[in-house]
Amino acid sequence: MKRTRKKGTLLMILGLLLIAAALFLTGYNIWDGKRAGKSTDRILKEMSDTVNGNPVEEEEPDYVKNPGMEMPMVQIDGRRYIGILSIPAVQMELPVMSEWSYPGLRIAPCRYSGSVYSGHMVIAAHNYSTHFGLLKKVSIGDEVRFTDAEGHVFSYQVAGMETLMPTAVEDMDVESWPLTLFTCTLGGKSRFTVRCNQVTE
């Protein structure tokens, strides 16, 4: 009898510890998402002054003549940003960091690969509610815009959505899609992916 009670008490304590750990992780994720949102708002404000304040007007931009050229960058807090991604339908506007890294993803979405100039770019971000957590609200046909660091605007339209396994790197980086946005699902077991086609004006 005593052994059964001890076992029951230990299991109850273990259960309470697991619940406390889950609550702590949930609270931490909410706090981290809010922190990231404040960070991107501040960066976006600085970038907007540069990017939107001086839109480029030229007959034929350099990237048309040389699609393989490096994208121009804006440096803020020692990090380089290539532009601003916006999806008006979900009121999302975010700065995009030049290169992806795990520490970088905690601050802003990051370019995973490619370039808008070459016609194929992949952007990754955490699923914070202030970052790509908003992608689950996107619908087919929604407008997506990317404004580079010199004020050139590239227009896209959401064409498809899919869920991929984290190991499906080749499926993520498919060059036939001009713009791909992806984030982890809750729990990180798969990647929610939004595919976009470019809209010519």
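Here are a few friendly notes on the nonpolar cores, one histidine and the cysteines of this predicted model.

1. Ground rules. The model is predicted, so local features need pLDDT of at least 70 and side-chain atom pairs count only at pLDDT 80 or more, while totals for chains, interfaces and linings use all residues. Residues are numbered from 1 along each chain as its sequence is written, and side-chain values use heavy atoms, with hydrogens and water left out.

2. Main core. The largest nonpolar core (buried Ala, Val, Leu, Ile, Met, Phe, Trp, Tyr and Cys residues joined through side-chain atoms within 4.5 Å) has 28 residues. Leu85, Ile123, Phe132, Phe146, Leu179 and Leu181 touch the most other members. Strands (DSSP runs of E, at least two residues, numbered from the N terminus) that give two or more residues to this core include E2 (79–87), E5 (120–124) and E7 (153–164). A second, separate core of 19 residues includes Ile43, Met47, Ile76 and Tyr81.

3. Leu179. Leaving out residues up to four places away in sequence, Leu179 is in contact (heavy atoms within 4.5 Å) with residues including Leu85, Ile123, Tyr156 and Cys196.

4. His120. This residue lies in strand E5. His120 counts as buried because its relative accessibility is 9%, where buried means under 20% relative accessible area, exposed over 50% and partly exposed in between, with a 1.4 Å probe and protein chains only. The His120 side chain reaches the backbone oxygen of Trp177 at 3.0 Å.

5. Cysteines. There are zero disulfides (cysteine sulfur pairs within 2.5 Å) in the structure. Cys196 is buried at 0% relative accessible area, whereas Cys184 counts as partly exposed at 28% relative accessibility.

Technical notes
Helix = DSSP H or I, 4+ residues; strand = E, 2+ residues; numbered from the N terminus. Polar contact = N/O pair within 3.5 Å; in protein donor to acceptor, adjacent residues only side chain to side chain.
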